[in-house]
Amino acid sequence: MGREIDLMIAVLAIGSGLLMLFGKGDLFLSSSRDPGRYSQYDMKKFERPCGVVILLTGLLTLADSYIQNVTFTIVYLVVIVLLFAWLFWFYRTKCRKS
C-alpha cells in the first residue's frame, strides 16, 4: 500500500511541478484566494522556483519508493526539509515587491 501512495504523490508532484515550471502556476497560485498576498509578493517570480522544488520533491519521492533503505529515507527527509526551507526563504526575501 505504501508504494502506491508514493507513486501517486510522485506523479501529482511531477505534474504540478512541470506546470509551475512552465509558467502555468495561476492554476495553483490564484489571486482570488488571498488578494493581500498578491499586493505584497510577486507571484510570477515565485512560480519557477516553486515548480523546481515540487518537481524535485516528486522525483525524490519516486526514488524513495523504489530504494528501500533507511539511510536513503533519512537523506530524503533532510533534503525535502532543506528544499522547502530554501523555498520559504526565497519567497520571503526575493519575491517581495518593493
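**Four questions' worth of detail on a helical chain**

Guide: Both F46 and Y91 are buried (buried is under 20% relative accessible area, exposed over 50%, partly exposed in between; 1.4 Å probe, protein chains only). This is a predicted model, in which local features need pLDDT of at least 70 and side-chain atom pairs count only at pLDDT 80 or more, while totals for chains, interfaces and linings use all residues. Residues are numbered from 1 along each chain as its sequence is written, and side-chain values use heavy atoms, with hydrogens and water left out.

Visitor: How many helices and strands are in the protein?

Guide: Helices (H or I, at least four residues) and strands (E, at least two) are DSSP runs, numbered from the N terminus. From that end, the elements run α-α-α-α. The count is four helices and zero strands.

Visitor: What share of the residues of the protein counts as buried?

Guide: The protein exposes about 6500 Å² (Shrake-Rupley method, 1.4 Å probe; for residues, only the protein chains shown count as cover). Carbon and sulfur atoms supply 70% of that area. Of the 98 residues, the buried share is 30%.

Visitor: How are the planes of F46 and Y91 arranged, and at what angle?

Guide: Rings of Phe, Tyr and Trp (its six-membered ring) pair if their centres lie within 6.5 Å; planes under 30 degrees apart count as stacked, over 60 as edge-to-face and the rest as tilted. By this rule there are two aromatic pairs. One of them is F46 with Y91, at 4.8 Å centre to centre. The pair is tilted, with the planes at 55°.

Visitor: Which helices does the pair of F46 and Y91 tie together?

Guide: The two rings belong to parts that are 45 residues apart in sequence. F46 lies within residues 43-66 and Y91 within residues 70-93, so the pair ties together helix α3 and helix α4.

Visitor: Why is C95 not bonded to the closest cysteine sulfur?

Guide: A disulfide is a pair of cysteine sulfur atoms within 2.5 Å, and the structure holds zero of them. C50 is buried at 8% relative accessible area, and C95 is buried at 1%. The closest sulfur to that of C95 is in C50, and no bond forms because the distance is too far: 9.6 Å.

Visitor: Which residues make the nonpolar surface patch of about 400 Å²?

Guide: Patches are made of residues with over 30% relative accessible area and no salt bridge; like charges are joined within 9 Å, nonpolar side chains (Val, Leu, Ile, Met, Phe, Trp, Tyr) within 5 Å. A salt bridge is a side-chain nitrogen of Lys or Arg within 4 Å of a carboxyl oxygen of Asp or Glu. V78, in helix α4, is partly exposed at 44%. The patch is made by V70, I74, V78 and L82.

Visitor: Which residues is D64 in contact with, leaving aside its neighbours within four places in sequence?

Guide: D64 sits in helix α3 and is buried, at 13% relative accessible area. Its C-alpha is 7.2 Å from that of Y76, twelve residues apart in sequence. Contact means heavy atoms within 4.5 Å. By that rule, D64 touches F72, T73 and Y76.

Visitor: What distance separates the C-alpha atoms of G15 and L55?

Guide: G15 is in helix α1 (residues 2-21). G15 is partly exposed, at 33% relative accessible area. G15 and L55 are 40 residues apart along the chain, and their C-alpha atoms are separated by 7.7 Å.
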